[in-house]
Amino acid sequence: MNIVLFHSTYGLRPAVRRAADRLRAAGHEVWTPDLFEGRTFDTVEEGTAYKEETGKDELLRRAVLAAAPYSERGLVYAGFSFGASVAQTLALGDEKARGLLLLHGTSDIAENASVDDLPVQLHVAEPDPFETDDWLTAWYLRIGRAGADVEVYRYAGAGHLYTDPDLPDYDEEAAEATWRVALGFLGSLEGDQPAR
């Protein structure tokens, strides 16, 4: 599969590159756009300040430009936390999208969003301070109404960004379980025709 993998609020850190390498080792082609133009952050607060200073529209513009050269191939959009919200926005707007892999995050869904059985897989901690149960229930219903084929996996007791071994949130057991399931999901898309 052709995968574009977006980083979290911490920026394009080594954990993102390692995740991309893991996907490549499974036979996928992976691009890791740097939406923060080389900046990385040690705290969520610093990353959030940069996001707010740059602006949502500019960050989305950077993401669209980064994915555009590959979108004709039929991309799987993927991301971590903030990057997952970016991936979701792009996937729901790309009629050639082959799938959507969300790690630790979701985003608002436009009322008029419509896809044709787009495969979506979400992995998220339980509980997660950024992805509350009420929010996830509403998100699940809305993305289903938009036409997505959704699977949700919850990981009890894990931290928000539990797949990142460089952060206090890291949970090795949950992370390895996530990658096993996610790689199976990506493998299942290999034979699919473009989703829409």
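When I say that two residues touch or are in contact, I mean that they have heavy atoms within 4.5 Å of each other. Please keep that in mind, and keep in mind as well that what we have in front of us is a predicted model.

Let me use that definition straight away on Ser71, which sits in the loop between H3 and E3. Leaving aside residues up to four places away in sequence, Ser71 touches Tyr77, Asp94 and Lys96. Is Ser71 buried or exposed? Its relative accessible area is 17%, and because buried means under 20%, Ser71 counts as buried.

One of those partners, Tyr77, takes us to the largest nonpolar core, which has 35 residues, and in which Phe6, Leu35, Tyr77, Leu100, Leu118, Val120 and Trp139 touch the most other members. If you would like to follow this core along the chain, the elements that each supply at least two of its residues are strand E1 (2-6), helix H3 (56-67), strand E3 (75-80), helix H4 (82-92), strand E4 (99-103), strand E5 (119-126) and helix H5 (133-145). Which of these elements gives the most to the core? That is H4, with seven residues. Apart from this core there is another one, of 22 residues, and Ala19, Val30, Leu101 and Leu103 are among its members.

Let me stay with H4 for a moment, since this helix is mostly covered, with 10 of its 11 residues buried. The buried residues of H4 include Phe82, Ser85, Val86, Gln88 and Leu92, and what covers the buried residues of this helix includes E1, H2, H3, E3, E4 and H5.

For a contrast, please look at Lys56, which belongs to helix H3. With a relative accessible area of 68%, Lys56 is exposed. How far from the C-alpha atom of Val86 is that of Lys56? The two residues are 30 places apart along the chain, and their C-alpha atoms are separated by 9.7 Å.

Now I would like to turn to the empty space in the model. Rolling a probe the size of a water molecule over the atoms shows where such space is left. The largest pocket holds about 640 Å³ of space, and of the 27 residues that line this pocket, Lys51, Ser81, Phe82, Ser85 and Thr106 are the closest to its centre. Helix H2 (44-54), H3 and H4 each supply at least two residues of that lining, so H4 appears here again, having already been named as the element that gives the most to the largest core. By kind, the lining of the largest pocket divides into nine nonpolar, 12 polar and six charged residues.

The second largest pocket holds about 220 Å³. It is lined by 16 residues, and those nearest its centre are Ala15, Ala19, Thr163, Pro165 and Trp179. The elements that give two or more residues to this lining are helix H1 (14-25) and helix H6 (172-189), and H1 gives the most, with five residues. Here the lining divides into nine nonpolar, two polar and five charged residues.

Before I finish, there are some details of the backbone to consider. Most residues other than glycine have a negative phi, and most peptide bonds are trans. Which residues in this model are worth checking against that general statement? Ser81, which we met close to the centre of the largest pocket, has a phi near 55°, a positive value in a residue other than glycine. Ser81 lies in the loop between E3 and H4, and at 14% relative accessibility it counts as buried. Glu37, also not a glycine, has a positive phi of about 55° and is found in the loop between strand E2 (29-31) and H2, but this residue is exposed, with a relative accessible area of 54%. As for the peptide bonds, the one from Glu126 to Pro127 is cis, with omega near 0°, and Pro127 lies in the loop between E5 and H5.

Finally, a word on annotation. In an unreviewed entry, UniProt lists residues 3-187 as "domain: Dienelactone hydrolase". In the model, the end C-alpha atoms of that span lie 12 Å apart, and the span is 41% helix and 18% strand.

Conventions: Residues are numbered from 1 along each chain as its sequence is written. This is a predicted model: local features need pLDDT of at least 70, side-chain atom pairs count only at pLDDT 80 or more; totals for chains, interfaces and linings use all residues. Side-chain values use heavy atoms; hydrogens and water are left out. A nonpolar core is a set of buried Ala, Val, Leu, Ile, Met, Phe, Trp, Tyr and Cys residues joined through side-chain atoms within 4.5 Å. Buried means under 20% relative accessible area, exposed over 50%, partly exposed in between (1.4 Å probe, protein chains only). Helices (H or I, at least four residues) and strands (E, at least two) are DSSP runs, numbered from the N terminus. UniProt positions are given in the numbering used here, feature names are shortened, and annotations may be inferred rather than shown by experiment. On a 1 Å grid over the protein atoms alone, a cavity is a set of points where a 1.4 Å probe fits but cannot get out, and a pocket is an open set with protein on both sides within 12 Å along at least five of seven lines; lining residues have an atom within 4 Å of a point. Grid points are joined across faces, edges and corners, and a volume is the space filled by probe spheres set on the points. Ala, Val, Leu, Ile, Met, Phe, Trp, Tyr, Cys and Pro count as nonpolar, Asp, Glu, Lys and Arg as charged, and the others, Gly among them, as polar.
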